[in-house]
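Here is a short tour of a chain, from its overall make-up down to two phenylalanines. Have a look at the model first, and then read on.

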Amino acid sequence: MAERENVVDFTVPYYDLVGITILMKKPKAPTSLFKFLTVLEQDVWLCILAAYFFTSFLMWVFDRWSPYSYQNNREKYKDDEEKREFNLKECLWFCMTSLTPQGGGEAPKNLSGRLVAATWWLFGFIIIASYTANLAAFLTVSRLDTPVESLDDLSKQYKIQYSPLNGSSAMTYFQRMSDIENRFY
C-alpha cells in the first residue's frame with residue numbers, strides 16, 4: 001500500500017515470471033573462416049568467375065587485333081609514359097584490380113577494349129553493391145534467428161523433442177490442456 005511504502009523501503013522484484021518456464025541449451029553458432037562466401041550462392045560465384053575470365057579474354061582479343069592498341073601501333077604511342085601491352089596476364093590483372101578502390105591502372109588504348117573495361121567496371125559496381133547489401137541482410141537475419149522463446153513456439157516446431165517431468169505441475173498442465181482439446185475438438 002502507498003502508506004506502507006512511506007515507512008518501509010520495498011525492492012523491485014527481479015524475478016517475476018509465473019508459470020511454466022523452459023530450460024534450453026544455448027544454440028551453438030557454427031563458425032567458418034569462409035562464411036563471407038555463403039552470402040551469395042555457389043552458382044552466382046561461378047558466374048562471376050566465368051565473367052571475369054571471359055572479360056579478360058575478350059579484352060586480350062580486342063587488344064591483340066585492334067589497329068589502335070599499343071602493341072599494334074607503337075609509333076603513335078611512343079611518347080606515352082606508360083606503354084602497357086595487354087597480354088593475357090595483364091588483362092587478368094587489370095580485371096582483378098579494377099574492382100579495388102586503387103583501380104586497374106591505365107585502360108586499353110583501343111575503343112573496343114575501353115568499352116569492355118567500362119562494361120566490366122559497371123558489372124563490378126553492381127556485383128559489389130549487391131554483395132554488400134546481401135552481406136548486411138545476411139548478418140542481420142542471422143542475429144534475428146532466435147530459438148524457442150515460449151510454449152507456443154515450442155508447440156509449433158518439430159526439431160526439438162520435449163516432455164515434462166512425470167508428476168510435475170507442467171505435466172498436469174499439459175494433461176489438462178490435452179483433456180480440454182479432446183473434449184472440444
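A patch here is made of residues with over 30% relative accessible area and no salt bridge (a side-chain nitrogen of Lys or Arg within 4 Å of a carboxyl oxygen of Asp or Glu); like charges are joined within 9 Å, and nonpolar side chains (Val, Leu, Ile, Met, Phe, Trp, Tyr) within 5 Å. Accessible areas come from the Shrake-Rupley method with a 1.4 Å probe, and for residues only the protein chains shown count as cover.

By these rules, Tyr173, Phe174, Met177, Ile180, Phe184 and Tyr185 make a nonpolar surface patch of about 710 Å².

This is a predicted model, in which local features need pLDDT of at least 70, side-chain atom pairs count only at pLDDT 80 or more, and totals for chains, interfaces and linings use all residues. Residues are numbered from 1 along each chain as its sequence is written, and side-chain values use heavy atoms, leaving out hydrogens and water.

The chain has six helices and zero strands (DSSP runs numbered from the N terminus: H or I of at least four residues, E of at least two). Of its 185 residues, 20% are buried (under 20% relative accessible area; exposed is over 50%, partly exposed in between). Its accessible surface comes to about 15,500 Å², and carbon and sulfur atoms hold 61% of that.

Now for the two phenylalanines:

| Residue | Place | Relative accessible area |
|---|---|---|
| Phe174 | helix H6 (residues 169-184) | 31%, partly exposed |
| Phe10 | loop between helix H1 (2-7) and helix H2 (42-65) | 51%, exposed |

Leaving aside residues up to four places away in sequence, Phe10 touches Arg4 and Glu5 (heavy atoms within 4.5 Å).

Notes. Buried means under 20% relative accessible area, exposed over 50%, partly exposed in between (1.4 Å probe, protein chains only).
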